[in-house]
Amino acid sequence: MLGSIALFFLLASGQAKAQIVGDDGLWLAGAYSFSDELGGFHITGVRGMGTKADPIVVSQELISATPVTLVIRTTRPIRPFESPDFYANGILYMRVEFLNNSGQAWVEFEFELQELLGQASVFGDGLSFDQRTTDKSNISSDSFAEFNRDFEPYDKLLFRNGKIDPQRTGAFGFLITDFTPKRQFYLVQDPRIPTA
C-alpha cells in the first residue's frame, strides 16, 4: 500500500517516467493510459510525459497489415492548458514506434483519431492532429518522406513515399490536440500494403 502511494506521488510530480503496466493491462505515461485491448497488436513499451521536449512514446508490434486501434484514456483530472505534470490538458505530443511483424511491407501508414469508436471525428469535438494550425514541424517519420493531413469529416494523417519492410521498425511523431478533452479517445493505426 505504501509503495502504491509513493508511486502515485512520483507519477503526479512527473519524476517517474518509466513505463508501468497496471493489473488491468493499461500502460501508463504522463497523464494518460494506453491499451491494446481491442486486439491485433501488442504494446511493448510506453514512456514520456506528453510534452514537446518529452513526448509519450508508444512502442508496438503489429502482427498483421490490417487497421488496429489504440485506446487512450486520461489518468489525471482534465484541465485544458494546465501543466501536463498534474493534468490531462488536451495537448499531447506523441511518438509511435512499430515493429512490422506482419510478413508484408508497408508502403503507406495512416492514423485516424476518433472520439467515439468507429465514428469519424468531426470539427465540433475538438479532437485533431493540431487542426487549428498549419505548422507541420510536429509531424515526422523516419520511414516516409511525405504526409497529408485530412480534416473533415475525418481527422486523418497519411504517411507515404516510403516503406517499412517486415521485421523492420518505423517511427512517427505528431501532436494531438483536444480542445474539449474527453476521458477516452481512439487512435486507429492502418499500415498499407502494395495493391495489385
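Asparagine 161 lies in strand 12, which covers residues 155-162. I start there for its backbone: phi of asparagine 161 is near 60°, a positive value in a residue other than glycine. Asparagine 161 has a relative accessibility of 48%, so the residue counts as partly exposed, the cut-off for exposed being over 50%. Before going on, I should say that this is a predicted model.

There is a second case of this kind. Glutamine 167 is not a glycine either, and has a positive phi of about 70°. Glutamine 167 sits in the loop between strand 12 and strand 13. With a relative accessible area of 53%, glutamine 167 is exposed.

Now the overall picture. The protein has 196 residues, and 47% of them are buried. Its secondary structure consists of 14 strands and one helix. If we take contacts between residues at least 6 apart in sequence, 68% join residues at least 24 apart.

Next, strand 13, residues 169-178. How many of its ten residues are buried? Nine of the ten are, and the strand is mostly covered. As a reminder, side chains in a regular strand alternate between the two faces of the sheet.

Strand 13 has several pairing partners. With strand 7 the pairing is antiparallel and runs over nine bridges; within strand 13, alanine 171 is the residue opposite glutamate 97. Strand 9, residues 127-128, is also antiparallel to strand 13, and two bridges join them. There, serine 128 has threonine 177 as its bridge partner. Strand 10, residues 140-141, is likewise joined to strand 13 by two bridges in the antiparallel sense. In that pairing, serine 141 is bridged to phenylalanine 172.

Phenylalanine 172 deserves a closer look. This residue lies in strand 13, and its relative accessible area is 0%, so phenylalanine 172 is buried. Methionine 94 is 78 residues away along the chain, yet the two C-alpha atoms are separated by 8.2 Å. Beyond four places in sequence, the contacts of phenylalanine 172 include Met94, Arg95, Val96 and Phe98, then Phe109 and Phe111, and also Ser140, Ser141, Phe144, Phe159 and Ile164.

That brings us to the largest nonpolar core. Which of its 36 residues touch the most other members? They are Phe34, Met94, Phe111, Phe172 and Phe174. Strand 7, residues 91-100, contributes the largest share of this core, with four residues. As for phenylalanine 111, its contacts further than four places away in sequence include Val96, Phe98, Phe129, Phe159, Phe172 and Phe174. Polar and charged residues are on that list too, among them Asp155, Lys156 and Gln189.

On to empty space. Rolling a probe the size of a water molecule over the atoms shows where such space is left. There are three cavities of 30 Å³ or more. The largest cavity holds about 70 Å³ of space. Its lining has 13 residues, and the closest to the centre are Tyr32, Gly90, Asp178, Pro181 and Phe185. Strand 7 and strand 13 each supply at least two lining residues; strand 13 gives the most, with three.

I will finish with two buried polar residues. Glutamate 110 is in strand 8, residues 108-114. Is glutamate 110 buried or exposed? Its relative accessible area is 11%, and the cut-off for buried is under 20%, so glutamate 110 is buried. What does its side chain make a polar contact with? The partner is the side chain of arginine 192, at 2.7 Å. Arginine 192 is also among the residues that glutamate 110 contacts beyond four places in sequence, together with Lys156, Leu157, Leu158, Val188, Gln189 and Asp190.

The other is serine 35, in strand 3, residues 32-35. Serine 35 has 4% relative accessibility and therefore counts as buried. A polar contact of 2.6 Å links its side chain to that of glutamate 37. Serine 35 also touches threonine 69, which is 34 residues away in sequence and 8.9 Å away from C-alpha to C-alpha. Other residues that serine 35 touches, again outside four places in sequence, include Leu26, Phe41, Ile43, Leu70, Val71 and Arg73.

Terms used. Residues are numbered from 1 along each chain as its sequence is written. This is a predicted model: local features need pLDDT of at least 70, side-chain atom pairs count only at pLDDT 80 or more; totals for chains, interfaces and linings use all residues. Side-chain values use heavy atoms; hydrogens and water are left out. Buried means under 20% relative accessible area, exposed over 50%, partly exposed in between (1.4 Å probe, protein chains only). A polar contact is a pair of N or O atoms within 3.5 Å; within protein, one must be able to donate a hydrogen and the other to accept it, and residues adjacent in sequence count only if both atoms are side-chain atoms. Contact means heavy atoms within 4.5 Å. A nonpolar core is a set of buried Ala, Val, Leu, Ile, Met, Phe, Trp, Tyr and Cys residues joined through side-chain atoms within 4.5 Å. Two strands pair if DSSP finds at least two bridges between them. On a 1 Å grid over the protein atoms alone, a cavity is a set of points where a 1.4 Å probe fits but cannot get out, and a pocket is an open set with protein on both sides within 12 Å along at least five of seven lines; lining residues have an atom within 4 Å of a point. Grid points are joined across faces, edges and corners, and a volume is the space filled by probe spheres set on the points.
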